[in-house]
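Biologist: I would like a close look at a single part of this model, explained with care for someone in the first year of study. Could you take one chain and lead me through what is there?

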Amino acid sequence: MNNLKKYNEIFMKVFSVEEKALEELEYQGIDEWDSVGHMELIAELEDGFDIMMDTDDIIDFSSYKKGIELLKKYEVEV
Amino acid sequence: MNIDYSYIFNLPPFSLDKDEKHKLYEEILYELQKHHSGNCFQYNKLCSLLGNNPALPVRLFKEYDLKSISKDEIYKVMTSSGTTGQTVSKIYLDRETSARQAKALNKIVSDFTGKTRLPMLIIDSNKVLKDRNMFSARGAGILGFSMLGRDMTYALDENMNLNLTVIDEFCQKYEGQAVLMFGFTFMVWEHFYKPLSKMGHRLDLAGTLIHGGGWKKLASEAVNPEEFINGLKMVTNADKVLNYYGMVEQTGSIFMECEYGHLHASVFSDIDILRAEDFTAADVGEKGIIKVTSLLPTSYPGHILLSEDEGILEGVDDCPCGRKGKYFKVCGRMQGAEIRGCSDTYERR
């Protein structure tokens with residue numbers, strides 16, 4: 001599975017959203033992506049890509065797009 | 001607003017001595033006063049009556065909606081813990097203030113536990129987070145700390161009983177590794193220490209246990225801090241059991257207790273002890289009302305607050321742990337104050 005597919009599937013699974021909604025998805029933008037959902041998302045991403053993010057990056061992970069940028073730090077090109 | 005937060009966040013969290021901190025606070029509090037006066041008309045009014053940068057009693061946040069942002073900038077509203085029937089404080093956060101709080105908490109706690117996110121055992125029930133609309137200070141506290149750890153595991157079931165299957169699994173998985181345990185003081189004692197101690201069960205969990213949220217309930221059971229630490233070290237292998245002092249009105253900039261039992265103010269916040277009679281500064285060793293100052297809030301005028309707690313300043317810049325800044329202890333709630341705090345308002349249902 002390529003990284004983009006994996007990244008998208010994690011979002012769709014955690015927040016039960018459709019692929020076409022992902023591009024504009026932001027933290028607190030939908031009910032499911034609240035602070036509880038946020039930690040679930042991070043756990044899934046860390047498992048999926050076998051990385052461990054810094055706390056500051058978890059805090060800065062404010063949107064679907066921002067996440068792609070942050071994952072580069074962990075050598076994950078989405 | 002002319003505040004360089006990146007400068008503050010790049011400072012080691014306990015590195016400023018008295019004079020350096022004074023200088024920094026003078027500059028930033030001036031900016032915060034200007035910012036909040038310009039953006040919160042109630043605050044501006046208070047300043048015109050009381051003078052610049054007054055210490056607002058925490059109760060004001062119950063009676064008034066104090067915010068320095070517009071409605072559509074509101075990102076999260078935090079409410080204080082309270083017993084049934086109490087009115088709660090409402091603290092309005094925008095994205096920036098909220099992120100700042102989370103990052104400050106991380107900087108402060110990592111100074112004690114290290115930068116790596118450790119496997120985390122939360123000594124509470126996951127029920128606290130299930131009803132997301134009822135987002136209590138207790139839930140917010142757990143979530144705030146959970147960003148510092150990984151593999152969050154809840155030690156208690158829905159009825160606040162030990163979930164031994166889950167705990168044992170966690171112990172096995174992280175055997176010989178440092179973990180982070182977190183909970184509210186009373187819950188840790190009542191629902192973790194007591195049953196484990198009764199069973200004579202010692203958990204093979206090394207690392208740090210951090211707890212906070214008020215001592216009052218335990219003090220009434222005559223449990224003192226030493227007993228608490230010794231008790232928890234009996235039922236786990238924790239090498240550090242650390243208390244913290246903080247409040248929802250100044251989330252993030254908490255005061256952590258060091259290995260010498262002193263609560264420390266970091267670069268993000270400061271403490272003053274005031275005499276109840278005339279609000280002058282108390283001497284080292286003299287009991288008074290705790291005034292807390294935090295550099296973090298820009299979305300609500302809560303940078304300087306008068307708490308309802310009493311405390312004693314124990315020293316400045318010279319704690320044997322090496323951390324700079326003021327260190328103090330909390331003596332409890334002032335007489336006649338409302339009961340609050342995540343630990344103290346807890347009632348088993």
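What follows is a walk through chain A, from its overall build to a single residue.

Modeller: Please keep in mind from the start that this is a predicted model. The secondary structure of chain A consists of four helices and zero strands, and, read from the N terminus on, its elements follow the order α-α-α-α. Turning to the overall dimensions, the C-alpha atoms of chain A fill a box of roughly 30 × 25 × 20 Å when this is taken along the principal axes. A compact globule of 78 residues would have a radius of gyration near 12 Å, and because chain A has 11 Å, its value agrees with that expectation. Of the 78 residues in chain A, 23% are buried. If we consider the contacts in chain A between residues at least 6 apart in sequence, we find that 41% of them join residues at least 24 apart.

With that background, we can come down to one residue, A:Leu4, whose place is in helix α1 of chain A, the element that covers residues 3-15. A:Leu4 has 11 other C-beta atoms within 10 Å, and because a residue counts as exposed if that number is 12 or fewer, A:Leu4 is exposed. As for its position relative to another part of the chain, A:Leu4 and A:Phe61 are 57 residues apart along the chain, while their C-alpha atoms are separated by 17 Å.

Definitions and conventions
Residues are numbered from 1 along each chain as its sequence is written. Chains are lettered from A and ligands numbered from 1 in the order in which they are written. This is a predicted model: local features need pLDDT of at least 70, side-chain atom pairs count only at pLDDT 80 or more; totals for chains, interfaces and linings use all residues. Helices (H or I, at least four residues) and strands (E, at least two) are DSSP runs, numbered from the N terminus. The radius of gyration is taken over C-alpha atoms; the globule rule is 2.2 Å times the number of residues to the power 0.38. A residue is buried if 20 or more other C-beta atoms lie within 10 Å of its own, exposed if 12 or fewer, and partly exposed in between; C-beta atoms are placed from the backbone. Two residues are in contact if their C-beta atoms, placed from the backbone, lie within 7 Å.
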